[in-house]
Amino acid sequence: MAQSLELLLIQFLMPDNDARRQAEDQIKRLAKDPQVVPALVQHLRTAKTPNVRQLAAVLLRKRITGHWAKLSPQMKQEVKQSLIESITVENSPPVRRASANVVSVVAKYAVPAGEWPDLLTFLFQCSQSAQEDHREVSLLLPCHTLLTCKLFFSSVCKMKTAAVSEAVGSFLEFTSDGDDVVKFRDFIPSILNVARKCIASGEEDVAILAFEIFDELIESPAPLLGDSVKSIVQFSLEVSCNQTLESSTRHQAIQIVSWLAKYKYTSLKKHKLVIPILQVMCPLIAESSDQEDNDDDDLATDRAAAEVIDTLAMNLPKHVFPTVFEFSSMYSQSTDLKFREASVTALGVISEGCYDLIKEKLDIVLNIVLGALRDPEKMVRGAASFALGQFAEYLQPEILSHYQSFLPCVLNAIEDTSEEVKEKSYYALAAFCENMGEEIVAYLDPLMGKLMAALQNSPRNLQETCMSAIGSVAAAAEQAFNPYAGRVLEAMKFFMVLTNDEDLRARARSTELVGIVAMSVGRKGMEAILPPFIDAAISVSTLLLVCHFVEERESSQSQNFQGFGLEYSELREYTHGFFSNVAEILDDTFAQYLPRVMPLVFASCNLDDGSAVNIDESDDESVNDFGGVSSDDEAHDEPRIRNISVRTGVLDEKAAATQALGLFALHTKSSFAPYLEESLKIMDKHSGYFHEDVRLQAVTGLKHILAAAHAIFQTHNDGTGKANEILDTVMNIYIKTMAEDDDKEVVAQACLSIADIMKDYGYIAIQNYLPPLVDATLLLLREKAACQQLEDESDDDDDDAGHDEVLMDAVSDLLPAFAKCMGSHFEPVFASFFEPLMKFAKASRPPQDRTMVVAGLAEVAQDMGAPIAAYVDRIMPLVLKELGSRHATNRRNAAFCVGELCKNGGETALKYFNDVLRGIYPLFGESETDLGVRDNAAGATARMIVVHPQLVPLNQVLPVLLKGLPLKEDQEESMAVYSCIYSLVLAANPQIVSHVPDLVKIFGQVVESPVEKAEVKAIVGRTFSHLISVYGDQLHPLISGLPPSQANALAAFASTG
């Protein structure tokens, strides 16, 4: 084994991806044999190159736990002796550290069992050695760390500070025992005491060491901080504020607060530290450096402070907003320009995390920022334009209602004398316009006039942001953008042929913009003029891929990835986005381009992203390729990313290419057959990729691959079997993602994709996967899935550290999908979901949680039918209360839900009819301003009348119901409402007769409506025909009183009826 293993270790370190993957597979196979331990030990001691020795140590550490008990006593002794020798004679520090980590793993089992009595003696000798390398070794072993660190911090001895920091990290990795945790907590005051003394005596490098140790403590899964978090925060804030210290020292202090805000935020809340932190961090934003001095931007105090505030806002919005709002209100009119700048910067920084709270005070907050946009100082105007961009991105849709004040101010700002203000204003304009609807039409002329002028006369960097703004305008305006499309496309021809490196970003933006304009104009206006743009995009992608592979080969040979040009990847990224848009426009006719674009997409998907870092320069933990080579072959014992060097440009390119792959499959269907197998392999691989952006696109694209497979195999004799194989792959990936993926957005997409599969293919698509799918759904409802595990040691509560709204909305969408494809058979499954779901409906939960539950229950009641009766008594009190919510969405969903409960709730629901009528009556009144709420109230009333007309006082209810017709916004309720009227008319119900004149007016508007479905118009037409048959000429005066178009439409229905 030893000889073959050596060759495999060397092969794994080769730059060739395929060779590396083959070596990994072989090593995984060999690692199942206990004899891999002595083989790896041999290579750790004898391999000629440090790289191979270090890799042997990494693999040995991962595998030795599973094999230790199987080794003979003689072999155990040989392993221990070899490890000690490796530590003491090894010249390479990385190999020495890797060997020490193996010793730590073995010691964890051997020392308690009395199998290694000499180890502690050896460690003590090392700690007392005159050789610095030996003293460092003693620190690298966790079983000796506490003693050595105590010596260090009591005497500030001359051992390397980096070694002490690494020692703590090594100790923490193996710390789970309660006694160790308590010992380390007792040790923290000593660290703080020494650090304070070092700050006072000017030994800042030692104080920085203390911060590095705190960093390790914060990231440790063991609850090591305890109540010391208060002292750590106090010390960190003192250092953060001390302007006499080096910027690097202050940055370390702020970074500790930032990590606490990220990983231990409930501890900060528990100890009431959020406000003290903000009271320090908000003024620190005002410490902006001079614009000309950009050398230390990475250590800039203002940026670091803003990061702390941002992180706190994301995790504790309710505790952050009041203090930041007070700070901004107080200093927005300050005579100090830096504090005016800080006041609006802070509002922009918290807009993502505190969006709900800002929306409640949007008028005041927006007034502060728009005022700052008129400030005489460009620094303040720049901060204001940044804040507006953040608002436009995160305060949707409420911010759009302020377009009349927002757009004119931003239009002025894009003509500012400061290029920084211009650039940020383009960003704000792009983010705002992207979500606008028809309101943007009135501003198209001034918008496009200024943007096109800027495009012609600005420097490249402003041209790029200008193109982004034009793209957002085009996307919002849709067909209304047609008059401007020709001029924009003509201008893009210039940018799409630029070849200089400094112009490639502009070329990327222009490629993106052509795709967006094409989407707005549509297939009819674009199909004929697209080919030249497609040719330009394909030619540059081909050229840049060649350039990339040349650079990749050179960089691999030198083990240095810094020479890779990000611009190349960015251009290919936007080109894939361009082709995605073109595929959506051309649909099945895009198949003609597949032979030319698929090689480019495959090439980008298979690019080396540089994640296999140089083993000489990195910690052994970064060799993440061997996550499967552990004591448990089915489990990864390392996080997905740790100390890993990655080219982010290539990640974005991979994500864009993966998205394109899915969209090509979706739109070309059966023509995608030649690429199906390879595409499925890529999607499978990318669904487990280390970066969430790539996984997200893979999880989205898998259902498109499934759609293409369905189209391809439906005409094959053995097509069902092949399609089921792909379905099996897709469903297994989705279920695994739900339970095991650590990113909430990826998991949410997996849930939505499964819901779509159920809707598209029915129960047959999930019947073989029902038990694991139900288990995964339950895991998410109980908030026990991997993506829902908080990294804070403190107890969670319902206020801030809860679930992600997007994730749980997606999970709640699964329940109606189950109900729709299973019908009444869903009840046993629903019974297991019910209690975990109702937890989100507690009064202590935020309004969006409760309405999520109510909306899901309404759709379940609709599709599961009669079995919902067993749950009415639990559900109805919640829903009746939600009818009076101050949030329109809650009232709308509640109205929909009570209607379905009354319709399908059987005898159990009857006792609630009067309560329901009392609850929905105010929703028809003048005080109800939301049209969707009124429409759903009408739908609920109609359902109640249909199922039990005798329980509804029609003489009182019908006038109110008819006054709200026709429906104004939620046409999904139309069939329920007009079917109810049809049944009353057909039954000649005496209460409806007096309302025939009103019905004729309503029917005229419905049949002419462009938003009502044909089936709705058909039921209205049948109702009107019946009225004609009963009343004949008596209706002519009513018909003649209608607008001619409505009268003609009704006449057409009457003649066909």
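Hi everyone. Before we look at anything, one definition: when I say helix or strand, I mean a DSSP run, H or I over at least four residues for a helix and E over at least two for a strand, numbered from the N terminus. Please also keep in mind that this is a predicted model.

With that in hand, let's go to a stretch that UniProt has marked. Its unreviewed entry puts the feature "repeat: HEAT" at residues 365-403 and again at 406-444. Residues 365-403 are 67% helix and 0% strand, with 15 Å between the end C-alpha atoms. For residues 406-444 the figures are 62% helix and 0% strand, and there the end C-alpha atoms are also 15 Å apart. Those annotations come from the record, and they may be inferred rather than shown by experiment.

How does that fit the whole chain? The secondary structure comes to 53 helices and 0 strands. Of the 1057 residues, 56% are buried. If you take contacts between residues at least 6 apart in sequence, 74% of them join residues at least 24 apart. The accessible surface is about 44700 Å², and carbon and sulfur atoms account for 50% of it.

Now to the inside. In soluble globular proteins, nonpolar side chains tend to be buried together. Here the largest nonpolar core has 295 residues, and the members touching the most others are Phe-214, Met-281, Phe-481, Phe-664, Phe-672 and Tyr-978. Helix α39, residues 805-822, gives this core its largest share, 11 residues. A separate core of 41 residues lies apart from it, with Val-79, Ala-100, Val-103 and Trp-116 among its members.

Let me zoom in on Phe-664. Which residues does Phe-664 touch, once we set aside those up to four places away in sequence? The list is Phe-579, Ser-580, Ala-583, Phe-590, Leu-594, Val-597, Met-598, Val-601, Lys-669 and Phe-672. Phe-672, you'll remember, is another of the residues that touch the most core members.

Next, a helix that I find nice to rotate on screen: α47, residues 954-963. Its buried residues include Leu-954, Val-957, Leu-958, Leu-961 and Leu-962. Viewed down the axis of α47, the buried residues fall within an arc of 120°, so they line one face of the helix. The general background is that an α-helix has 3.6 residues a turn, so residues three or four places apart point the same way. On the face of α47 turned away from the buried side you'll find the exposed residues Gln-956 and Lys-963. And what do the buried residues of α47 pack against? Their partners are α45 (913-920), α46 (931-947), α48 (974-986), α49 (990-993) and α50 (996-1008).

One of those partners, α45, is home to Asn-914. Asn-914 is partly exposed because its relative accessible area is 47%, between the 20% and 50% limits. Its C-alpha atom is separated by 9.8 Å from that of Pro-953, though the two residues are 39 apart along the chain.

For a charged residue on the inside, go to Arg-53 in helix α4, residues 50-67. Is Arg-53 buried or exposed? With a relative accessible area of 12%, Arg-53 is buried, because the cut-off for buried is under 20%. Leaving aside neighbours within four places in sequence, Arg-53 is in contact with His-43, Leu-44, Ala-47, Lys-48, Glu-90, Ser-92 and Val-95.

A few words on backbone geometry. Most residues other than glycine have a negative phi, and most peptide bonds are trans. Against that background, the bond joining Gln-396 and Pro-397 is cis, with omega about -5°. Pro-397 sits in the loop between α22 (378-394) and α23 (403-413). The bond from Leu-965 to Pro-966 is cis as well, omega being near 0°, and Pro-966 lies in the loop between α47 and α48.

For positive phi, look at Lys-272, where phi is near 55°. Lys-272 is in the loop between α15 (265-270) and α16 (274-285), and at 68% relative accessibility it counts as exposed. Asp-587 also has phi near 55°, in the loop between α31 (566-586) and α32 (594-605). At 33% relative accessibility, Asp-587 counts as partly exposed.

Last, the cysteines. How many disulfides does a search of the whole structure find? The count is 0. Cys-241 is partly exposed at 39% relative accessibility, whereas Cys-409 is buried at 18%.

Thanks for listening!

Definitions and conventions. Residues numbered from 1 in each chain as written. Predicted model: local features only at pLDDT ≥ 70, side-chain atom pairs only at ≥ 80, totals over all residues. Heavy atoms only, no water. Core = buried A, V, L, I, M, F, W, Y, C linked by side-chain atoms within 4.5 Å. Buried < 20%, exposed > 50% of the residue type's maximum accessible area, 1.4 Å probe, protein only. Contact = heavy atoms within 4.5 Å. Disulfide = S-S within 2.5 Å. Arc of directions from axis to C-beta. Areas by Shrake-Rupley, 256 points an atom, 1.4 Å probe, with all protein chains shown as cover.
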